[in-house]
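Dear colleague,

I am handing over a structure that you have not worked with before, and I would be glad if you looked through it with the notes below beside you. They go from one helix to the strands and then to the charged pairs, so that you can follow them in the model.

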Amino acid sequence: MIIRSKRPMPVKNEKAPPAAMRILLLSRYGQMGPSSRLRHYQFVPALRSSAMMVDVAPLLPDSYLLALYANEPRSAVQIVACYVRRLRALLKGGRYDLLWIEKEALPWLPYGIERLFLGSRVPYVIDYDDAWFHIYDRSRWALVRRILGSKLDRLMRHAAMVTVGNGYLAERACQAGAARIEILPTVVDLARYPDSPPRPALQPPVIGWIGSPITDRYLDLVDDPLRRVIAQSGARLSLVGASPSALSALSPERHAWREDTEGQRIAEFDIGIMPLTDTPWEWGKCGYKLIQYMACAKPVVASPIGANREIVEHGVNGFLAETPAEWADALRRLALDAGLRHRMGAAGRDKVERLYSLDRAIPHLIDVLRTAAGRDGAEAGPRSP
């Protein structure tokens, strides 16, 4: 099924010029899926303005994610129908110059089946912004590890290009034998994130978090530091997109996540937080929350895990905190010092403008896709991260 997304993508190209590069985007989710939206959909308008015809074929609809976030059962009939549509899209893949794949084309199916439907005539780019391979190679089920443990490595090995969000993922792609690897950090459209002036110092500072019910489990890591800082400074806690049970004892302000208001909600924060556990899955995280906070000129406090170490310059645009005592100290310093919040927030916004903005990322991605499709005359060869 080839669909058109209302936002951010314009109407699908009905007629492409003869020289247009034809791309089939095999995304995992619809517009509601964060990884699909940020790693793919937000680039599509610019690609279409650069002589690229992009058709979009998501695997799972938004209704699947809504059920997942609500912890409700997903329809087996719906999932089977999704796979049938994906197989139909793959069978039409020969019409394109390039397949652009999010994570894998056929999740939970063995490599041989996926490779059969991918074929060998059309090159593909495969993208990762999470350590998705650990779902298989670190599964608690021996059968999954045996059948699927090396699947994504094999997909990376045969890809024309592997794009990843951080160094840990790039290292895995290199170990898998990927011919070409490009690190493409997750970026934001700065037009959607106001560089808001600091809130009045006399108002209680707001400590904020944004995410989904799937990721709010990390908030338990900072329950005690938040409790202590709130008691000492009078700070308020604001959660966007979290489940009703997250940090309920702290009586946070709760807001539903909406794409059209997320920038506005973050602008209401004074401090943004991103706690993480220290496990291989988290090493693949790309720090998107931090980039969002910093885009709105908010100082951050984060666990020193994965890409967080690259995004946060300790003492410049925020703090890296590992222990509960470090979390409490960092939050307390920011909560009690409006000037420090302003200086760190300005430094964060500057870094996002230089390294994590959509406008700066677009030319890089265009070059990557053209190279993968053989449109730039470059010869393929090994490239280490």
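Asp 329 and Arg 332 are three residues apart in helix α15 (residues 324-336), so about one helical turn separates them. Please keep in mind throughout that this is a predicted model. The two residues form a salt bridge, in which the closest N and O atoms are 4.0 Å apart. Asp 329 has a relative accessibility of 37% and therefore counts as partly exposed, and Arg 332, at 23%, counts as partly exposed because buried would require a value under 20%.

The next region to look at is strand β3 (residues 98-102), which is mostly covered, with five of its five residues buried. Its two faces are both covered: Leu 98, Trp 100 and Glu 102 are buried on one side, while Leu 99 and Ile 101 are buried on the other. Strand β1 (residues 21-26) runs parallel to β3 and is joined to it by four bridges, and within this pairing Ile 23 stands opposite Leu 98. Strand β4 (residues 124-128) also runs parallel to β3, again with four bridges between the two, and here Glu 102 has Asp 127 as its bridge partner. To get from β3 to β4 the chain passes through helix α5 (residues 111-118), and the resulting β-α-β crossover is right-handed.

Charged pairs are also found in the loops that follow these strands. What links Lys 103 to Asp 129? Their side chains meet in a salt bridge, at 3.4 Å from N to O. Since Lys 103 belongs to the loop between β3 and α5, and Asp 129 to the loop between β4 and α6 (133-137), the pair ties together parts that are 26 residues apart in sequence. Lys 103 and Asp 129 are both buried, and together with Glu 102 they are linked in a network of salt bridges; this is the Glu 102 that is buried on one side of β3.

A further pair involves the loop between β3 and α5. The side chains of Lys 151 and Glu 104 meet in a salt bridge with an N to O distance of 2.7 Å. Lys 151 is part of helix α8 (residues 151-157) and Glu 104 is part of the loop between β3 and α5, so this pair ties together parts that are 47 residues apart in sequence. Both Lys 151 and Glu 104 are buried, whereas Asp 329 is partly exposed. The count of salt bridges in the model comes to 20.

Turning to helix α3 (residues 62-69), you will find that Tyr 64, Leu 65 and Ala 67 are buried. When the helix is viewed down its axis, the buried residues fall within an arc of 160 degrees, so they line one face of α3. These buried residues pack against α4 (76-91). After α3 comes Asn 71, whose phi is positive, near 60 degrees.

There is also an open sheet of six strands, in the order β9-β8-β7-β10-β11-β12 and with parallel pairing. Which strands lie at its edges? They are β9 (253-255) and β12 (318-320), each of which pairs on one side only. From one strand to the next, the twist averages 20 degrees. Within this sheet, β7 and strand β10 (residues 271-274) run parallel and are joined by two bridges, and Gly 208 has Gly 272 in β10 as its bridge partner. Helix α13 (residues 288-295) lies across β7, β10 and β11 (300-302), and its direction makes an angle of about 135 degrees with β7.

Finally, please look at Ser 212, which lies in the loop between β7 (206-210) and α10 (223-233). Is Ser 212 buried or exposed? With a relative accessibility of 11%, Ser 212 counts as buried, because the cut-off for buried is under 20%. If neighbours within four places in sequence are left aside, Ser 212 is in contact with Tyr 69 and Gly 241; Tyr 69 falls within the residue range of helix α3 (residues 62-69).

With best wishes

Note on methods. Residues are numbered from 1 along each chain as its sequence is written. This is a predicted model: local features need pLDDT of at least 70, side-chain atom pairs count only at pLDDT 80 or more; totals for chains, interfaces and linings use all residues. Side-chain values use heavy atoms; hydrogens and water are left out. Buried means under 20% relative accessible area, exposed over 50%, partly exposed in between (1.4 Å probe, protein chains only). Contact means heavy atoms within 4.5 Å. Two strands pair if DSSP finds at least two bridges between them. Axes are lines fitted to C-alpha atoms, for helices over the stretch in contact, and angles run from 0 to 180 degrees between N-to-C directions. A crossover is right-handed if, with the strands pointing away from the viewer, the path from the first strand over the helix to the second runs clockwise. The arc is that of the directions from the helix axis to the C-beta atoms.
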